[in-house]
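Work through the exercises below with the model open. Each task is followed by a solution in steps.

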Amino acid sequence: MFRMASQPRHNWQQLAAEYGFHFHTMYGEPYWDESAYYQFTLHQIEQDIEDPSAELHQMCLHVVDKVVNSEALLTQCQIPQAHWDFIASSWREKQPSLYSRLDLVYDGQSPAKLLENNADTPTSLYETGFWQWLWLENLVDAGQIARHADQFNSLQEKLVYRFEQLRQQYNYQRIHFSCCEDSVEDRGTVQYLQDCASAAGIDAPFLFIEDIGLSDTGYFTDLDDNAITRCFKLYPWEFMLREEFGDALEAADVGWLEPPWKSVLSNKALLPLLWQEFPNHPNLLPAFFEQDKHRTTAGKWIKKPLFSREGANISLLNDNDSPTTLSEGPYGEEGFILQQYQPLPRYGDQYVLIGSWLVDDLPAGISIREDRSLITQDLSRYLPHIIL
């Protein structure tokens, strides 16, 4: 696993404008960075990332089955009791999912370790499935990268195929796509998914989350008062279950992407539950609920809220020292978990995080984020990769 310096394409900003990549720079800071790329061997990709990702995913699904069948675990996950049946039914009915991303610590030598599962609202999808592949094609054509170089990236093909399955097997003929108004990155992610759905023959209208209405008959509606029967929402379940319209979710009878059972996977409580079910697994880090702090060993531990986004509200605990705040934020009211500290690999002054994507149950590619901070957040830079 090498970090290789690279000459940026002279026209990449023009290409970004042509292809609708409108968030390559955010708040005056570069988000997309092609001044370097990461190089992997095929063995590293297949044996160290792809295979463990598939296994970790199945382990996570095992935990979902445990949680939805246990009132004690649903309580421990801080899932509102009013929605227990709603979530459990979505699991037992095998309501289909679309995609997810596992965040991994990997240095090219040691086993990859799971940091968390972004199973409900992961972004950086467009950059992974399309834009970094276009970068590779351009550099190969220009002779800057060997012609036999490849990339672990079947994300777009698998997304289109998954949408075809949803249309043919689950009658997803029309899917409303939605996100919040205030994020150009979220809108870019959803537009990419709309394009993939359209390629699969699905009608894919868009409306903002803020524009979804509730009819007198209990159905969610769009701005034309059409009933929403299938909906992809880039909006977290932990918000939806607690908001004003949360009580209408079950009766509204919407096929949600992601389905309600994903609220278990996107919850940091997943991490100690995985450790309980699969202790000492080579791809897991020891993790405990905060009330089980006495079970931790000496050394450094990361304290994470059950619900948090973009790396917010993270602290470092070092034996008996006072916690060191690594990132601020609004989360933590529902409680915390402790996960053994595993530093991200460092290349120069950059810490590197691997995102391993799955479409339904199949590994589909990786994304790479860099930051000078130990915590990967929403403005951490995205770098492409190759297999050589």
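The exercises go from the whole chain to one helix and then to two single residues.

This is a predicted model, in which local features need pLDDT of at least 70, side-chain atom pairs count only at pLDDT 80 or more, and totals for chains, interfaces and linings use all residues. Residues are numbered from 1 along each chain as its sequence is written, and side-chain values use heavy atoms, with hydrogens and water left out.

**Exercise 1. Compare the radius of gyration of the chain with the value for a compact globule.**

Step 1. The radius is taken over C-alpha atoms, and the globule rule is 2.2 Å times the number of residues to the power 0.38.
Step 2. For 388 residues the rule gives a value near 21 Å; the chain has 21 Å, which agrees.
Step 3. For the extent, the C-alpha trace spans about 60 × 55 × 35 Å along its principal axes.
Step 4. For burial (under 20% relative accessible area; exposed is over 50%, partly exposed in between; 1.4 Å probe, protein chains only), the share is 58% of the 388 residues.

**Exercise 2. Check the length of helix α7 and find what covers its buried residues.**

Step 1. Helices (H or I, at least four residues) and strands (E, at least two) are DSSP runs, numbered from the N terminus; the chain has eleven helices and 21 strands.
Step 2. The expected span is 1.5 Å times one less than the number of residues. With 16 residues (184–199), α7 reaches 23 Å from first to last C-alpha, close to the 22 Å expected.
Step 3. Buried residues of α7 include Val 190, Tyr 192, Leu 193 and Cys 196, and also the charged Glu 185 and Asp 186.
Step 4. Among the elements covering the buried residues are β5 (99–105), α5 (125–141) and α6 (155–170).
Step 5. After the helix comes Gly 201, with a positive phi near 85°.

**Exercise 3. Which residues does Asn 117 touch, and which does Leu 15?**

Step 1. Contact means heavy atoms within 4.5 Å.
Step 2. Asn 117 lies in strand β6 (residues 113–118) and counts as buried because its relative accessibility is 6%.
Step 3. Not counting residues up to four places away in sequence, Asn 117 touches Cys 60, Ser 100, Arg 101, Leu 102, Leu 265, Ser 266 and Leu 270.
Step 4. Leu 15 belongs to helix α1 (residues 12–18) and is buried too, at 13% relative accessibility.
Step 5. With neighbours within four places left aside, Leu 15 contacts Arg 9, Trp 131 and Asn 138.
Step 6. Ser 266, a contact of Asn 117, is 251 residues from Leu 15 in sequence and 34 Å away, C-alpha to C-alpha.
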